[in-house]
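Thank you all for making time this morning. I would like to walk slowly through one structure with you, strand by strand, so please keep it open in front of you while I talk.

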Amino acid sequence: MSTSSTEPATLVCHACRFSAPAGDEWDTIEVTGVGTMTRCPECGSTRVEHKR
Ligand SMILES: [Zn+2]
């Protein structure tokens, strides 16, 4: 549709509602069989979802 593909995605933690643009504020961990996951820096949850 429009040219919005270059905008940084916003991520939201399901556990504590922490919200920040994807990037340095978020931790990343490697999980066997899954790959790299984003982890909340506030509570350590990996239940993080893209917001739009
Ligand atoms: Zn959190």
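Which residue in β5 does Cys-13 stand opposite? Before I answer, please keep in mind that what you are looking at is a predicted model. The partner is Val-48, which stands opposite Cys-13 from its place in β5. That pair belongs to the antiparallel pairing of β1 with strand β5, residues 48-51, where four bridges join the two strands.

Let me turn to the other partner of β1. Strand β1 covers residues 10-13 and strand β2 covers residues 19-21, and these two run antiparallel with three bridges joining them. Within this pairing, Leu-11 is the residue that stands opposite Ala-20 in β2. The two strands form a hairpin, with five residues between them, and in the turn you will find Arg-17, whose phi is positive, at about 70 degrees.

If we now put these pairings together, we have an open sheet of three strands, in the order β2-β1-β5, with antiparallel pairing. Its edge strands are β2 and β5, since each of them pairs on one side only. From one strand to the next, the twist averages 30 degrees.

Next comes the other hairpin that I wanted to show you, the one made by β3 and β4. Strand β4 spans residues 35-39, and its pairing with β3 is antiparallel and extends over five bridges. Three residues lie between the strands of this hairpin, and Gly-33 takes a positive phi there, near 85 degrees.

I would like to stay with one residue of this hairpin, namely Glu-30, which has its place in strand β3, residues 27-31. Across the pairing, Glu-30 stands opposite Thr-36 in β4. Leaving aside residues up to four places away in sequence, Glu-30 touches Gly-35 and Thr-36.

Is Glu-30 buried or exposed? Glu-30 counts as exposed, because it has 8 C-beta neighbours inside 10 Å, and the cut-off for that label is 12 or fewer.

Finally, how far is Glu-30 from Ala-20, the residue we met opposite Leu-11? Their C-alpha atoms are separated by 20 Å, and along the chain the two residues are 10 residues apart.

That is the tour I had prepared, and I am happy to go back to any part of it.

Notes. Residues are numbered from 1 along each chain as its sequence is written. This is a predicted model: local features need pLDDT of at least 70, side-chain atom pairs count only at pLDDT 80 or more; totals for chains, interfaces and linings use all residues. Two strands pair if DSSP finds at least two bridges between them. A residue is buried if 20 or more other C-beta atoms lie within 10 Å of its own, exposed if 12 or fewer, and partly exposed in between; C-beta atoms are placed from the backbone. Two residues are in contact if their C-beta atoms, placed from the backbone, lie within 7 Å. Axes are lines fitted to C-alpha atoms, for helices over the stretch in contact, and angles run from 0 to 180 degrees between N-to-C directions.
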